[in-house]
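Please look through the sequence and the model below before reading on. The paragraphs that follow lead from the interior of the protein to its backbone and then to one of its sheets.

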Amino acid sequence: MLQVWPGSPYPLGATYDGTGTNFAIFSEVAEKVELCLFDEDNTETRVELKEADAFVYHGFLPSIGPGQRYGYRIHGPHEPAKGLRCNPSKLLLDPYAKAVDGEIDWDQSVFGYNFGDPDSMNTEDSASRVMKSVVISPFFDWNGDRPPRTPYNETVIYEAHVRGLTIAHPGLPPEYRGTYAGVAHPVMVDHYHKLGVTAVELMPVHQFVQDEHLVRRGLRNYWGYNSLAFLAPHNAYAVTTRAGQQVQEFKLMVKDLHDAGIEVILDVVYNHTAEGNHMGPVLCFRGIDNAAYYRLIEDDPRYYMDYTGTGNSMRVRHPHVLQLIMDSLRYWVTDMHVDGFRFDLAATLAREFYEVDRLSSFFDLVQQDPVVSQVKLIAEPWDLGAGGYQVGNFPPLWTEWNGKYRDTVRDFWRGQDEGVAEFASRLTGSSDLYESDGRRPSASINFVTAHDGFTLNDLVSYNSKHNEDNGEDSRDGSDDNRSWNCGAEGPTDDPEVLALRRTQMRNFLTTLFLSQGVPMLLAGDEMGHTQRGNNNGYCQDNETSWLDWSLAERNADLVEFTALVCSLRREHPVFRRRRFFRGDPIHGSDSAAGDPDGKPEGGSDGGQALKDIVWLRPDGTEMSDADWEFGPARSFGMFLNGHGIPDPNQRGENVADQSFLLFFNAHFEPLSFRVPTENFGTSWEIVVDTRAPASAEPAVVNAGETGETGESPRSDPRLTGRIVKADDPIETDARSTLVLRCAD
């Protein structure tokens, strides 16, 4: 006979203390709560939790420890028309489960109704068909683990999928491929370091569910935006299958990445759950307290509000839902040591009623929380509801995926006649979106591609999506891709098209890494990963989505180029300023283009001080208002003043850098740029030319000469190139970028 002590209503979930386990679950509608324990033979033992405080049912079982599988049965009203869906024949997952065993075996029994009659009550027992919660041991030897705490302006994010990142990597032990252990394997750490990555942003690792409609078609929910347990790492990403072991493996991954100086950011999905709409299964929240956890249609609570396109939306304004989300966030920081979160469809979390309110309860709680407020917080600032596009409108503590950056940069490089003004704004941190509420350039998470949409290779190879393999007649996925195939749709042998595509990829990478803000690189883009035109690979758990690591060798020049532009960002603070440009002259020095030691350069003898940023016409003169307003303009230059960095470093010392010139030509014809004169600098070295890969042999050409090769004055062979003098013309190809560094 199991002993059951009264226990405690806090903390919620199953908490092992070394002697036994306390169980606690919230339900405002429950009339009776049964804790269901399962042995290795799946024999079920039911224990009624008779203690209840403030609608939290609880009990302490001294004989229960780590590895114990369990679930709940909730007895209460079943009145779908009133939004009440209790059904004790359904075994329910603990909302606070810290580990989950098994997966859903789709069967009529997992639904709360009989097919054909949504308001009926299905009484088939679901216990043998659903996942089980697992009691875990909270003990782990972190051995002095310390988070890297990389400042935002020094952060480079690498968005990756745990399984797809390493499942096909030949350099990993087979058992590590596609697992948490694989993400942190030394082979992968070496790759992150080569690229200059400082943070790995993992697509959802909260325990998620394989959708019935996908399983029926032989597909899988690969991306994982179908969460069910917000405190449990997904079990399929563990090396071992023993119940609860995924927690230890996840912690070890974080520890190993921290040892390498790399942060871990989780893509979290709190806006909806895997239970779907009124036709979905009863797996957890729906059977515990449907009206508390979900937003229901006010005048017909049989149905669910859906701002996410997945069937339901969490009722974030309910105190216990808020508590669950905040408890989950704190747990992943304090117990699992993660460094930040990217919030999927974050606008849904801001909805108090039907409008998006950025000062909603959730954001108030985050703001005052001493744990959650101190980690990286990234919003996907939109959802599918009315008014859901909220780029630039999140509170000052937050950063945002900048969708306007993505769209503007894509449009510029595919040659849209929209002028250069907005492109310039995105290059400099999108002050129009973030400066007015006190945020800095780092509020903008800049990206050209992400998991949702084309890869970088496909962005320059396809005009249209090709999602036939998803089984939805290509109705799924965005039609607004802003892509350009460079002259041929998909694979081609045309050398001119292939060369243009390579240049375009280098243009995008250069723009991304040398823009103010925080760059996010999609895993695989550095090696030319393709999904063959599929822009919605959410269900493709196969070679379509998995990274093909042979590409890293075949496209070694692209990997090297990515590392090159990332190293420029890392080594030069002028590309990662903490504050926005002011466009004002920098006084106190003879030449704003001076070297990092502060001595005058460029032959200046007291001329007018330069601004922290200067926008240039192709002829080397400063742009006028008319130039900004000229719609067909596709080419311009940008001078970044190394002596125009206003913020000191962490030791309070002034920050001085070399100055840079960037020339962007998105025109379909070659164009001549002229290096500006006066006190900008007398000699400039070309360090990036997107017409050529990083591995190309450099050539030093003195002003007025052509074709003469010689020794480069720079020690890093990747950063060597032509030396040009002030007022010299530089010929650029169509659709190319040049980056020049002040040499004297």
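How many nonpolar, polar and charged residues does the lining of the largest cavity have, by class? The model is a predicted one, and in it the lining of the largest cavity has nine nonpolar residues, eight polar residues and one charged residue. This cavity has a volume of about 180 Å³, and 18 residues line the space, of which His161, Leu522, Ala523, Gln531 and Ser545 are the closest to its centre. Two elements, the strand β12 (157-160) and the helix α1 (162-166), each supply at least two residues of that lining. A search of the whole structure finds seven cavities of 30 Å³ or more.

The backbone offers a few points that are worth locating in the viewer. Towards the start of the numbering, the peptide bond that leads from Tyr10 to Pro11 is cis, its omega being near 0 degrees, and Pro11 itself belongs to the segment that comes before β1 (13-16).

Positive phi values in residues other than glycine can be examined at Asn143 and at Arg482. For Asn143 phi is near 50 degrees, and the residue is placed in the loop that runs between β11 (132-134) and β12. Is Asn143 buried or exposed? Asn143 counts as exposed because its relative accessible area is 60%, where the cut-off for that class is over 50%. For Arg482 phi is likewise given as near 50 degrees, and this residue sits in the loop between α13 (456-459) and α14 (495-513). Arg482 has a relative accessibility of 23%, and therefore counts as partly exposed, since that class covers values between the 20% limit for buried residues and the 50% limit for exposed ones.

The last part of this walk concerns a sheet. In which order do the five strands of the open sheet follow one another? The order is β4-β3-β7-β11-β10, and the pairing is antiparallel. At the edges of this sheet stand β4 (44-48) and β10 (100-101), each of which pairs on one side only. Looking at the β4 edge in more detail, strand β3, made up of residues 32-38, is joined to β4 by five bridges, and these two strands run antiparallel. Within this pair, Leu35 stands opposite Val47 in β4, which gives the reader a convenient place to start when following the two strands on the screen.

Key
Residues are numbered from 1 along each chain as its sequence is written. This is a predicted model: local features need pLDDT of at least 70, side-chain atom pairs count only at pLDDT 80 or more; totals for chains, interfaces and linings use all residues. Side-chain values use heavy atoms; hydrogens and water are left out. On a 1 Å grid over the protein atoms alone, a cavity is a set of points where a 1.4 Å probe fits but cannot get out, and a pocket is an open set with protein on both sides within 12 Å along at least five of seven lines; lining residues have an atom within 4 Å of a point. Grid points are joined across faces, edges and corners, and a volume is the space filled by probe spheres set on the points. Helices (H or I, at least four residues) and strands (E, at least two) are DSSP runs, numbered from the N terminus. Ala, Val, Leu, Ile, Met, Phe, Trp, Tyr, Cys and Pro count as nonpolar, Asp, Glu, Lys and Arg as charged, and the others, Gly among them, as polar. Buried means under 20% relative accessible area, exposed over 50%, partly exposed in between (1.4 Å probe, protein chains only). Two strands pair if DSSP finds at least two bridges between them.
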